[in-house]
Structures are given as structure tokens and as C-alpha cells.
Amino acid sequence: MIVVMEVRATQTQVDSVVNFFTDRGITPLVLPGEDRTAIGIPATLTTDQRTSFEAIIGGMEGVSKVTQTSYPYKLASREWHQESSVVQVGKVKIGKGFTVIAGPCSIESLEQMRESAKIVKESGATVLRGGAFKPRTSPYSFQGLAEEGLKILQGVGKEFGLATITEVMSPDMVEMVAKYSDILQIGARSMQNFPLLVEAGKSGKPIFLKRGPSATIDEFLLAAEYVLGQNNAEVILCERGVMPLDRTYTRNTLDLSAVPVLKEHSHLPVIVDPSHGTGVAKYVLPMAKAAYVVGADGIMVEMHPNPTKALSDGSQALNPEKFSQLMSEIHRLEAALG
Ligand code: PEP
Ligand code: MN
């Protein structure tokens, strides 16, 4: 339920509405807008409460209208925010045009990141990726260079004029990662780590939220809601593939139908990750092109100067040649389809 106040509603009138709910043990979310305040009420109300509250609140001084939302999420919904959101990171505008985020799975060394950044920059892509904290299935696999990796990412991003993105895995690491990276990535395995979502949201940094491997669209958007609820509007959604029926040929099933669904029901930008979505380098190019066609706002692609030497996800990484082929095919699509 959303209570929209009149343009000239006074603070006392806003407080009366807020108090009505807090007196009943319900915590409303006050959203001051440019010319009027809106008050969001959590979706946990019973049908009886909805009906009786709508009548009472609708009659209160300073209230313009009471709208029942049909979605369990509010801030992430297009109903709530009709215009598509653009997340600006330096000069990069995610949600306007087609953004390409590229780089290796893991940050391995300064040389590897410099080589990667050079290729990313020359291709026209604008955001450099690389993990410093890696969520690995096995504790014996390479775990990332931690803070040393973050320093490399920051230095190389500055040197090449690229925005940067890296994953943060736990709430206590948010402050440190936010110090070095322009965008904070919440990995698929962390999509429902609620304390992490809250802490990342509080950092004020743009948050790149990856869909959990078995998350529904509602669960995905409710996770985004945790970040948005921290007064952080800079959320980017990423479809990265869901649990496959069959792992024989692909690592995950890239759910491209999620793109138009998310674009219809949410105003947030949507990026597709065809690398984790397929797990196979040769399938990245066709799925990247498909992402463009279904209306994604961009892609995140793993690219390594020498995939055979990669310390993680080498089998899905594009080599520089394949990456440049991908970029030229995306440019051809842009020219043809606009
Ligand atoms: C990644 O982008 O490096 C990554 C680990 O992705 P995901 O969380 O989607 O598996
Ligand atoms: Mn990876």
C-alpha cells in the first residue's frame, strides 16, 4: 500500500499518517519526493487491514490518495517509479545505451589487469571487472588476492579511465571494498544475504545485484528492495543464469526471458552475464547478442589475456580476439537496431 500525500501536506500531517502505522506495530517507509511525500507500507498487511486502513487513511488531512500495490516489492517496481532508472558511475550511464562490463573472473596480478584493461578500453567497453574475493565452491581453490587485488583494480581503473566493479562477500568487508571500487557486486550466492544487502546499500555505492541460481523474479526484486530501502537508488540487476536441468552442456541456464519480465515490472537497469550463464566461452558470443536483442541494458563478460592460464573460470573466459569479435558484433547490432 502506498499513501501519497498532497503537495502542500504539512510535516504534522505526514507524522499523523506515520504514527497511525507505528501505533499498530507497522513500520512505514517515508519517501520524500520532489514536491510531495509518499509513505510505503510493507506488503505484510492482511486483506482486512488493507481495506480498513485504506478507508481511514484516505480520510486523513493532507492525504491525496491511497494506492494498493499489486507487487510484494515496492521501491523496485515500475508501478512505483515509472521511468527507467539510469545508474551513473562517473561518465558511464548504466540504463542508457548498452553498457559492456568486461575483465577477468579474478584479479591475479598487476600485469594481468593492465593487459585486460588495455583490451577493454580499446574495445570501447567502459567498466572493468575482476574479483578480489572469490566465492569458490572448494576452499582449496584460488580465493582471490583480497585487499592487494582491490588496490590493483583501483590503480588500473584510474590508469585506463575505466569504472570498476568487484564483489563484496560479507557485511564487514563493505567498507573496505567500497574504498577501492566504483560499483559493489553482490554475487549470486549472496543474493539473499540480507545483512550484506543492507550494509552494501548503506555504503551509497552503486550495487550490482546478481540473481541467485534458484531465485524467482519476486525473490530477486525483493533482494533489490533491501538495498533500495537503505535510501540507495543505485541498483543494477544482473541475470546470470539459473540452476540448469542439465549440466552436461552448460553450467547454468541463462534465463533471457527474465530480461523483458524485469524490464516490465521494474525500473532498474538489467545486465546479462552470458559467461556464468553458460560457463562455456564459445556460447558467450551468441548469448551476448541475444541479450542485446531482448532489451538488456548491457552485458558483463569474462575476458582473460590468456584463458588457459586463468586461476578461475578459464573455460568461460573469452580470449582478447574473441572479445574483440564480440564487441564488433555488438556494434553491428547497435548500428542495425539502434
Ligand atoms: C563473478 O561474477 O565472478 C561471479 C562469481 O559470479 P556469480 O556470483 O554470478 O557466480
Ligand atoms: Mn567467474
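Along the chain of this predicted model, the donors of the manganese ion (ligand 2) follow the spacing C-x170-H-x25-E-x10-D. In atomic terms, the protein donors are Cys105 through SG, His276 through NE2, Glu302 through OE and Asp313 through OD, and they lie 2.0 to 2.4 Å from the manganese ion. Cysteine 105 sits in the loop between strand 7 (99-103) and helix 3 (110-123), while glutamate 302 belongs to strand 14 (residues 298-302), so this pair of donors ties together parts that are 197 residues apart in sequence. Cysteine 105 and glutamate 302 are both buried.

For cysteine 105 the relative accessible area is 5%, which means that it counts as buried, because the cut-off for that class is under 20%. Cysteine 238 is in no disulfide, and the nearest cysteine sulfur to its own, that of cysteine 105, is 13 Å away. A disulfide is counted here where two cysteine sulfur atoms lie within 2.5 Å, and the structure as a whole holds zero disulfides.

Turning to the surroundings of cysteine 238, this residue lies in strand 12 (residues 235-239), and it counts as buried because its relative accessibility is 0%. Leaving aside residues up to four places away in sequence, cysteine 238 touches Phe208, Leu209, Lys210 and Arg211, together with Phe220, Ile271 and Asp273. Glycine 58, by contrast, is 180 residues from cysteine 238 in sequence and 38 Å from it in space, taken from C-alpha to C-alpha.

Notes:
Residues are numbered from 1 along each chain as its sequence is written. Chains are lettered from A and ligands numbered from 1 in the order in which they are written. This is a predicted model: local features need pLDDT of at least 70, side-chain atom pairs count only at pLDDT 80 or more; totals for chains, interfaces and linings use all residues. Side-chain values use heavy atoms; hydrogens and water are left out. Donors are N, O and S atoms within 2.8 Å of the metal (3.2 Å for Na, K and Ca); water is not among the atoms, so sites may look incomplete. Helices (H or I, at least four residues) and strands (E, at least two) are DSSP runs, numbered from the N terminus. Buried means under 20% relative accessible area, exposed over 50%, partly exposed in between (1.4 Å probe, protein chains only). Contact means heavy atoms within 4.5 Å.
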